[in-house]
Amino acid sequence: MGGTLAGFAHAADTASCPAARQGASSPAAVSIDRGKLQKDIDALVKGGVTGIQVQVTDGSQQLALRGGVAERGTSKPIADQSHFRMGSNTKTFVATVMLQLVGENKISLDDTVDSLLKDNTSRSGKNITVRQLLQHTSGLADYEESLFSSMDAFNANRWKTYQPQDLVHMALDNVPQPTPGTWSYSSANYILAGMIIEKVTGNSWAQEVKARITEPLGLSHTSSPGTATSLPQPHTQADLPTDEDGTWLDITELNPSWAGAAGDMITTPDDLTRFWRALLQGQLLKPAQQAEMQTTVDAVSDALPARSQAGLGLFKTSSHLACSVVCVSGDC
């Protein structure tokens, strides 16, 4: 996928991710090669990406770099701290809330979806545990494969409003289903997690994220848009290559209800940096739940580097805790 690319990253080395290693006290500093990073950004732009913003934080060292333009076909520069759809970083926010509820003894990682939601998910969750949802080992298919199987499907679904139950049932209708207990990425897992948060707390997952994470951390530019189709200013244009050669579709505006608790949130580089630092420094979870979040299983996918592992809302690549995200076409 090409187009406008907005991004945030901590340097990939574990030492640059505070408290990434359990028991780590004072990670060593890692020098950030500004020239090499800018060269990589420029190469992506040369390869067809409209524009990029990248923020890299390593201890006290922070770089904010940009390349390309904010809108295809113009010379409009990318504004500092442009808003973008954070995509599946939303899953980490939701996993954090779920683990906070575990730490408060309101749910258990071994609770089943069916026991927590009861009649709200009439066709799912009998043997699926909370841990399996957060770690993508539930055996649920990914409903996004149906929604966005082609450009025609994308255009047909772009403006629709979806309820969480609709998305779960769509995943259940997908065949074949992955084998339960094995790792297979599915956004349906986090749609169910959002439903559990609402059932247990009486508030929507977005309200709980706001009360527990974004407001306490002062993330004033981070939110869940619900069904709102636009992005706050400033923001970059999001482009998607179509099936026709050389043509692009502006997808900046869309109804993000299809993503929900699995990926609808909007943020800025500074806000997302602050969240990841707080999470990995142990500010958001109790030690027991922090350890659970960072306990991993093998995650094999063409979309992930070799030897990747999945925690509860986190990925670990080789010896490095993955706290890097790259957002393509305004989504990541």
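Select Lys-76 to begin: this residue is partly exposed, at 39% relative accessibility. Add Glu-71, which is also partly exposed, at 29%. In this predicted model, the side chains of Lys-76 and Glu-71 form a salt bridge with an N to O distance of 3.3 Å.

Next, centre the view on Glu-104. Its relative accessible area of 33% places Glu-104 in the partly exposed class. Select Lys-106 as well; the closest N and O atoms of Glu-104 and Lys-106 lie 3.3 Å apart, in a salt bridge. Lys-106 is partly exposed, with a relative accessibility of 47%.

Keep Glu-104 selected and add Arg-212. Their side chains meet in a salt bridge at 2.8 Å, N to O. This pair connects distant parts of the chain, 108 residues apart: Glu-104 belongs to the loop between helix H2 (89-103) and helix H3 (113-117), and Arg-212 to helix H9 (residues 205-217). Is Arg-212 buried or exposed? Arg-212 counts as buried, because its relative accessibility is 16% and the cut-off for burial is under 20%.

Now add Glu-208 to the selection. Glu-104, Lys-106, Glu-208 and Arg-212 are joined in a network of salt bridges. A search of the whole structure gives 8 salt bridges.

Finally, display the entire protein chain, which contains 11 helices and 12 strands. Of its 332 residues, 51% count as buried. Among contacts with a separation of 6 or more, 73% involve residues 24 or more positions apart. Switch to a surface display to view the accessible surface of about 14,600 Å², of which 50% belongs to carbon and sulfur atoms.

How values were computed: Residues numbered from 1 in each chain as written. Predicted model: local features only at pLDDT ≥ 70, side-chain atom pairs only at ≥ 80, totals over all residues. Heavy atoms only, no water. Helix = DSSP H or I, 4+ residues; strand = E, 2+ residues; numbered from the N terminus. Buried < 20%, exposed > 50% of the residue type's maximum accessible area, 1.4 Å probe, protein only. Contact = heavy atoms within 4.5 Å. Areas by Shrake-Rupley, 256 points an atom, 1.4 Å probe, with all protein chains shown as cover. Salt bridge = Lys/Arg side-chain N within 4 Å of Asp/Glu carboxyl O.
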